[in-house]
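Q: Could you walk me through a protein model and show me how to read its features, from the fold down to the backbone?

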Amino acid sequence: MKRPVLRRRPGEVVRPSDIAPADPPPGARVRLRVLEREDRREFLALARESHRLHRPWTYPPERADQFDELYGRSRREDFLCLLACRTDNDEIAGVFTISQIVRGAFQSAYLGYYAAERHAGQGLMREALEQILDHSFGPLGLHRVEANIQPGNAPSIALARGAGFRLEGFSPRYLLIGGQWRDHERYAITADEHAAAKASQAA
């Protein structure tokens with residue numbers, strides 16, 4: 001399978017945030033867009049009210065300086081933050097980060113995600129993740145995406161498995177989250193696997 005590769009002219013800087021996600025498919029309840037500075041107020045409000053859903057799995061920015069740090073990272077060449085927004089009212093339903101983007105022979109990145117509690121349990125993140133993979137393996141030109149998930153985080157594991165991610169292994173004390181080194185399971189999917197799954201669904 002021939003995949004797109006993000007190309008640049010000599011001296012040209014192409015940031016993932018410069019590549020706008022495609023319009024959502026017909027009937028979609030969410031659409032993707034790149035994080036903007038103007039999202040700070042809504043983003044922080046949703047993070048603060050979603051403690052019960054997020055802890056102890058993830059610790060999104062809850063202060064202005066933390067949001068500004070995330071925004072700054074989102075303009076680098078190796079990082080992207082996309083928001084899943086409802087198509088009916090444009091509210092932020094979830095957040096996706098594509099980090100440590102490595103080019104060359106690897107063409108791989110890590111995926112992180114979390115939902116806003118008020119929009120959780122409605123299948124919106126599942127729709128958004130399908131669009132995220134289309135964007136990752138299409139315009140971004142990636143070959144592989146990996147998601148590291150704590151073993152007890154059943155909803156996140158179900159989301160990844162439902163999108164076609166497969167378990168690759170277990171890493172004890174893998175990431176420092178909330179001040180503790182936490183075990184993680186490594187899930188991954190390649191462009192070929194995603195394309196095959198989409199073709200099977202369309203058949």
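The dialogue below goes from the sheet to the helices, the cores and some backbone details.

A: Happy to. One thing to keep in mind is that this is a predicted model.

Q: Let's begin with the record. Which residues does the UniProt domain annotation cover?

A: According to the unreviewed UniProt entry, the annotation "domain: N-acetyltransferase" covers residues 30-192. In the model, that span is 30% helix and 37% strand, and its end C-alpha atoms lie 25 Å apart.

Q: How do I read the sheet, and in what order do the strands come?

A: Follow the pairing from strand to strand. Here seven strands form an open sheet, and the order is β1-β2-β3-β4-β5-β7-β6 with mixed pairing. β1 (30-34) and β6 are the edge strands, each pairing on one side only. From one strand to the next, the twist averages 30 degrees.

Q: How many bridges join β6 to β7?

A: Eight bridges join them, and the two strands run antiparallel. For a spot to look at in the viewer, try I177, which stands opposite Q180 in β7.

Q: Now the helices. Which parts of the sheet does helix α6 touch?

A: Helix α6 (residues 191-202) packs on the sheet and touches β6 and β7. Its direction makes about 60 degrees with that of β7. Helix α1 (residues 40-49), in turn, lies across β2, β3 and β4 and runs at about 100 degrees to β3.

Q: Which residues touch the most other members of the largest nonpolar core?

A: For a core, look at who touches whom. This one has 36 residues, and F96, I98, L111, L129 and F165 touch the most other members. Several elements each supply at least two of its residues, including α4 (124-137), β5 (144-149) and α5 (154-162). The largest share, seven residues, comes from α4. Leaving aside neighbours within four places in sequence, L129 is in contact with F96, L111, L159, A163 and F165. Apart from the largest core lies another core of 15 residues, with L70, F79, C81 and I92 among them.

Q: What about a single residue such as S108: is it buried or exposed?

A: Start from relative accessibility: S108 counts as buried because its value is 3%, and the cut-off for buried is under 20%. This residue sits in strand β4 (residues 108-115). Not counting residues up to four places away in sequence, S108 touches Q100, I101, V102, L142 and R144.

Q: And the backbone? What should I look for there?

A: Look for departures from the usual pattern: most residues other than glycine have a negative phi, and most peptide bonds are trans.

Q: Where does D90 lie, and what is its phi?

A: D90 lies in the loop between β2 (80-86) and β3 (92-102). Although not a glycine, D90 has a positive phi of about 65 degrees. At 34% relative accessibility, D90 counts as partly exposed.

Q: In which strand does R173 lie?

A: R173 lies in strand β6 (residues 166-177). Its phi is also positive, at about 45 degrees, although R173 is not a glycine. With a relative accessible area of 56%, R173 is exposed, since the cut-off for exposed is over 50%.

Q: Lastly, which residues does a cis peptide bond join?

A: Check omega along the chain. The cis bond joins R55 and P56, where omega is about 0 degrees. P56 is found in the loop between α2 (51-54) and α3 (64-73).

Notes. Residues are numbered from 1 along each chain as its sequence is written. This is a predicted model: local features need pLDDT of at least 70, side-chain atom pairs count only at pLDDT 80 or more; totals for chains, interfaces and linings use all residues. Side-chain values use heavy atoms; hydrogens and water are left out. Helices (H or I, at least four residues) and strands (E, at least two) are DSSP runs, numbered from the N terminus. Buried means under 20% relative accessible area, exposed over 50%, partly exposed in between (1.4 Å probe, protein chains only). UniProt positions are given in the numbering used here, feature names are shortened, and annotations may be inferred rather than shown by experiment. Contact means heavy atoms within 4.5 Å. Two strands pair if DSSP finds at least two bridges between them. Axes are lines fitted to C-alpha atoms, for helices over the stretch in contact, and angles run from 0 to 180 degrees between N-to-C directions. A nonpolar core is a set of buried Ala, Val, Leu, Ile, Met, Phe, Trp, Tyr and Cys residues joined through side-chain atoms within 4.5 Å.
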